[in-house]
Amino acid sequence: MSDRKLLSSEAYRAIDKEIAKYPADRKSSAVMAALAIAQNEVGWVSESVVEDISQYLGMRPIAVWEVATFYGMYNLEKPGRSKVAICTNLPCALQGANKMVDQLKAKLGIDFNQTSPDGSVTLKEAECMGACGDAPVVIINDREMRGKIALADVDSLVEELKAR
Ligand code: FES
């Protein structure tokens, strides 16, 4: 739609494609995809994003917030240049995820849901990603999954992310 400003016309076209997957009176079913498209473009789910998506889908803003705050993949604050989320559910924990968490926190000098002081890396805790056979698992920038991470890999992973 040409009168909209927050996202690019490509992003609105992508959202339109998602909307078209559902019956005409069920536009709100596209909310997760719409938030992901907006986050991909803006970097995070800001108040403006929620307002815009709620208007676009004909939803109340609170209903969009409910989705945005329920799922861990939406950034509710502006993240660093890279985001790393580590799964701490039982199969990953049994394969050493908690020690990796300690090392990630120490190496980055931050806790979960924080961004390193240089703005390079945001650390998140993730729920099971359905890749337990590859435990322990991290996901980088919501798209790049890496499994069977060893404690010895943590420092180089951090260096790699800082260099992005
Ligand atoms: S428990 Fe970590 S991916 Fe399933």
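The legends below describe close-up views of a predicted model.

**Figure 1. Overall layout of the protein.** The predicted model holds seven helices and five strands. Along the sequence these elements follow the order α-α-α-α-β-α-α-β-β-β-β-α. Taken along the principal axes, the C-alpha atoms fill a box of roughly 50 × 35 × 25 Å. Of the 164 residues, 30% are buried. Among contacts between residues at least 6 apart in sequence, 58% join residues at least 24 apart.

**Figure 2. The two assigned domains.** Domain 1 covers residues 9–70, and domain 2 covers residues 82–162, according to the domain assignment. The C-alpha centres of domain 1 and domain 2 lie 28 Å apart.

**Figure 3. Helix α3 and its helical neighbours.** Helix α3 spans residues 47–57, and its buried residues are Val49, Val50, Asp52, Ile53, Tyr56 and Leu57. Seen down the axis of α3, these buried residues fall within an arc of 165°, so they line one face of the helix. Glu47 and Ser48, on the other side of α3, are exposed. The buried residues of α3 pack against three helices: α1 (9–19), α2 (31–42) and α4 (61–70). After α3 comes Gly58, which has a positive phi near 65°.

**Figure 4. Pairing of strands β1, β2 and β3.** Strand β1 (residues 82–87) and strand β3 (residues 121–126) run parallel and are joined by six bridges. Within this pairing, Lys83 stands opposite Thr122 of β3. Strand β2 (residues 114–115) also pairs with β3, here in the antiparallel sense and over two bridges. Thr115 has Thr122 as its bridge partner in β3. Thr122 thus appears in both pairings, opposite Lys83 and as the partner of Thr115. Five residues lie between the strands in the hairpin of β2 and β3, where Gly119 takes a positive phi near 75°.

**Figure 5. The largest nonpolar core.** This core has 22 residues, and the members that touch the most others are Val84, Ile86, Met100, Leu104, Val138 and Val158. Two or more residues each come from β1, α6 (97–108), β3, β4 (138–140) and α7 (154–162). Helix α6 gives the most to this core, with five residues. Leaving aside residues up to four places away in sequence, Val138 touches Val84, Ala85, Ile86, Arg146 and Ile149.

**Figure 6. A second nonpolar core.** This core is separate from the one in the previous view and has 17 residues, among them Ile15, Ala30, Leu57 and Met59. Leu57 is also one of the buried residues of helix α3.

**Figure 7. Helix α7 and its buried face.** The buried residues of α7 are Val154, Leu157, Val158 and Leu161. Seen down the axis of α7, they fall within an arc of 100°, so they line one face of the helix. The face turned away from this buried side carries Ser156 and Glu159, which are exposed. The buried residues of α7 pack against β1, α6 and β3. Val158 of this helix is also among the residues that touch the most other members of the largest nonpolar core.

Definitions and conventions
Residues numbered from 1 in each chain as written. Predicted model: local features only at pLDDT ≥ 70, side-chain atom pairs only at ≥ 80, totals over all residues. Helix = DSSP H or I, 4+ residues; strand = E, 2+ residues; numbered from the N terminus. Buried ≥ 20, exposed ≤ 12 C-beta atoms within 10 Å, placed from the backbone. Contact = placed C-beta atoms within 7 Å. Arc of directions from axis to C-beta. Pairing = 2+ DSSP bridges. Domains from an automatic or database assignment. Core = buried A, V, L, I, M, F, W, Y, C linked by C-beta atoms within 7 Å.
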